[in-house]
Amino acid sequence: MANFLIVEARFYDHLNDQLIAGAKSALEAEGHSVEVLTVPGALEIPGAISLASDSGLYDGFVAIGVVIRGETYHFEIVAGESARGIMALTMDGIAIGNGILTVENEEQALVRADPQQKNKGGEAAKAALALLELRSRFVG
């Protein structure tokens, strides 16, 4: 059994609840324990994962959030930099599934967040599980 931390940027409660439900379901179905940590925004997710990873308390992580395009360039910064930060941590050997949705509108987010539809939270959890398995295979 592994310990997973879901780090969520809670901005759209109803969407995050669905993403977290999908992620928790996927992890718990495999017998793993899950905790949830909330941070202010998607840009804070990589930093929180880095700090939590340094604690040694968790084996893997799932990043959860929703970034919907607005009228300014802020969308590109948040979407790109949160993904870049997560990728950098993954390249350092941290098992992270990226479930941060970057969408044009709430309708797209609803379809992707819903565990009965695209279930991107569940997919992110499965990606974290796959990376954890690879890490144990190659690192030990």
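Here is a short walk through three spots in this predicted model.

**Stop one: two helices.** Select residues 13-29, which form helix α1, and residues 106-113, which form helix α4. The axes of α1 and α4 lie 9 Å apart, and the two helices pack at an angle of about 25 degrees. Angles under 35 degrees count as roughly parallel, so that is the label for α1 and α4. Turn the view to look across the pair: the crossing of α1 and α4 is left-handed.

Now show side chains at the contact. From α1, pick His-14, Leu-15, Gln-18 and Leu-19. From α4, pick Glu-106, Ala-109, Leu-110, Arg-112 and Ala-113. Colour this α1 with α4 contact by class and you get five nonpolar, two polar and two charged residues.

**Stop two: a pair of rings.** The structure has two aromatic pairs, and for one of them you should select Phe-11 and Tyr-12. Their ring centres are 5.1 Å apart. The ring planes of Phe-11 and Tyr-12 sit at 75 degrees, and over 60 counts as edge-to-face, so that is what this pair is. Switch on a surface next: Phe-11 is exposed, at 60% relative accessible area, while Tyr-12 is partly exposed, at 21%.

**Stop three: a loop residue.** Jump to Asn-119, in the loop between α4 and α5 (120-138). What is the sign of phi here, in a residue other than glycine? For Asn-119 the value is positive, near 50 degrees. Most residues other than glycine have a negative phi. Is Asn-119 buried or exposed? With a relative accessible area of 19%, Asn-119 falls under the 20% cut-off, so it counts as buried.

Note on methods:
Residues are numbered from 1 along each chain as its sequence is written. This is a predicted model: local features need pLDDT of at least 70, side-chain atom pairs count only at pLDDT 80 or more; totals for chains, interfaces and linings use all residues. Side-chain values use heavy atoms; hydrogens and water are left out. Axes are lines fitted to C-alpha atoms, for helices over the stretch in contact, and angles run from 0 to 180 degrees between N-to-C directions. Helices (H or I, at least four residues) and strands (E, at least two) are DSSP runs, numbered from the N terminus. Angles under 35 degrees count as roughly parallel, over 145 as roughly antiparallel, 65 to 115 as roughly perpendicular and the rest as oblique. A crossing is left-handed if the near helix is turned anticlockwise from the far one by less than a right angle, and right-handed if clockwise. Contact means heavy atoms within 4.5 Å. Ala, Val, Leu, Ile, Met, Phe, Trp, Tyr, Cys and Pro count as nonpolar, Asp, Glu, Lys and Arg as charged, and the others, Gly among them, as polar. Rings of Phe, Tyr and Trp (its six-membered ring) pair if their centres lie within 6.5 Å; planes under 30 degrees apart count as stacked, over 60 as edge-to-face and the rest as tilted. Buried means under 20% relative accessible area, exposed over 50%, partly exposed in between (1.4 Å probe, protein chains only).
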